[in-house]
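The questions below ask how terms of structural description are justified. Each answer sets a value against a definition and then concludes.

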Amino acid sequence: MRDRCWRRFTQELKVKKRLKLKSQNHSWRFYAPNGHILYYPSWTDLIGSDYAHSFKEQNQSYSRYNHYRRYSANNSLYYRDIKPNRDSLGTREADRREFLKILKEHGLK
Amino acid sequence: MDLNDLPRKYEWSFRKDLLLVKNIAWLPVARIKEKNIDIYLDIRLHKQILSLVKHFMGTKYKIFFLSPLLANPKFSITKEEALDYNMDNYLTNYSQAQFFDGFKKLGFDFIENFIEFCNKEKSENLIKDIYLKVNTKVQKSYYDYYQNRSFFLVEREDIRDAFNSLYREIQIYQLLK
């Protein structure tokens with residue numbers, strides 16, 4: 001199943017590719033996020049820079065959106081079909097809220 | 001030291017004594033030696049660094065902070081220049097909100113650590129010059145004519161106030177030791 005983890009992995013691959021392309025243009029000085037000036041920076045120096053957000057995908061593709069609209073828990077605004085099964089309460093958000101509660105009870109958070 | 005001894009929240013790996021962490025690429029975080037850990041203070045990896053400091057705070061290892069430029073073997077400079085970079089890096093990162101709040105939350109005395117580092121390198125004379133250089137950056141403001149308003153480069157007022165009285169604090173620490 002192409003889940004959240006897989007999407008994050010593919011996102012990272014795209015970001016890497018764009019960073020490597022972008023670093024070829026930076027032949028002159030580059031202001032690093034730590035306040036230093038670097039000459040001829042490598043692609044790893046661009047991570048965390050001011051325009052780092054531009055390397056990420058801003059838009060979803062139509063097929064991706066269609067899949068999400070059909071099969072996700074958030075497929076409609078008005079009615080949400082919550083089906084608790086086994087230990088899950090039905091949604092990832094509710095599970096996370098419950099998990100944080102348990103952590104706080106045991107003094108882990 | 002094994003990978004099992006490190007906090008499990010992030011991905012770590014070793015290249016000899018150099019510790020790396022995964023943040024899109026493998027980035028250098030620290031150099032681990034027999035008695036001390038030299039952490040490269042990098043704002044990009046503030047979460048990972050704070051977790052490392054929390055992990056090694058009460059242990060036998062002594063923590064010191066270095067400039068992330070020194071992690072690159074291509075970057076060749078003299079010892080005196082490296083000292084300047086490291087001391088400047090200590091104070092500039094302290095003006096960042098992530099580290100200012102993070103170390104306070106952990107209960108880690110960052111200024112005491114800075115003085116310890118200076119004593120180790122025997123560079124107490126340089127403290128004042130570097131403090132003045134960094135403080136001018138922190139207190140710097142610019143005027144926006146479109147909005148008729150002045151802005152500070154460091155937005156938070158408590159950090160600016162802390163920097164105004166920082167040198168006095170350093171002197172008190174030195175006197176007590």
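Q: In this predicted model, what stands opposite V21(B) in β3(B)?
A: The residue opposite V21(B) is L27(B) of β3(B). Another bridge joins the two strands at L20(B), whose partner in β3(B) is P28(B).

Q: How do you know that β2(B) and β3(B) pair?
A: Two strands count as paired if DSSP finds at least two bridges between them. β2(B) and β3 (residues 25–32) of chain B have six bridges, in the antiparallel sense, and therefore they satisfy the definition. The two strands form a hairpin with one residue between them, and I24(B) in the turn has a positive phi of about 70°.

Q: What makes β1(B) and β2(B) a pair?
A: The requirement is again at least two bridges. Strand β1 (residues 12–15) of chain B and strand β2 (residues 18–23) of chain B pair over four bridges, in the antiparallel sense, so the requirement is met. F14(B) stands opposite L19(B) in β2(B). This hairpin has two residues between its strands, and K16(B) in the turn has a positive phi of about 55°.

Q: Why are β1 and β5 of chain B called edge strands?
A: The open sheet has five strands in the order β1-β2-β3-β4-β5 (chain B), with mixed pairing. β1 and β5 (62–66) of chain B each pair on one side only, and they are the edge strands. From one strand to the next, the twist averages 30°. Helix α1 (residues 46–56) of chain B packs on this sheet, touching β2, β3, β4 (36–40) and β5 of chain B. The direction of α1 makes about 30° with that of β3(B).

Q: Why is α2(B) called oblique to α5(B)?
A: The axes of helix α2 (residues 79–94) of chain B and helix α5 (residues 127–138) of chain B come within 10 Å and cross at roughly 40°. Angles under 35 degrees count as roughly parallel, and 65 to 115 as roughly perpendicular. The crossing angle of roughly 40° therefore makes α2(B) oblique to α5(B). The crossing is right-handed.

Q: Which residues make the contact of α2(B) with α5(B)?
A: α2(B) contributes M87(B), D88(B), L91(B) and T92(B), while α5(B) contributes I130(B), Y131(B) and V134(B). These residues divide into five nonpolar, one polar and one charged.

Q: How many residues of chain B are in contact with chain A?
A: Ten residues of chain B are in contact with ten residues of chain A. On the chain B side, six are nonpolar, two polar and two charged.

Key. Residues numbered from 1 in each chain as written. Chains lettered and ligands numbered in written order. Predicted model: local features only at pLDDT ≥ 70, side-chain atom pairs only at ≥ 80, totals over all residues. Axes fitted to C-alpha atoms, helices over the stretch in contact; angles between N-to-C directions. Parallel < 35°, antiparallel > 145°, perpendicular 65-115°, else oblique. Left-handed = near helix turned anticlockwise from the far one by under 90°. Contact = placed C-beta atoms within 7 Å. Nonpolar A, V, L, I, M, F, W, Y, C, P; charged D, E, K, R; others polar.
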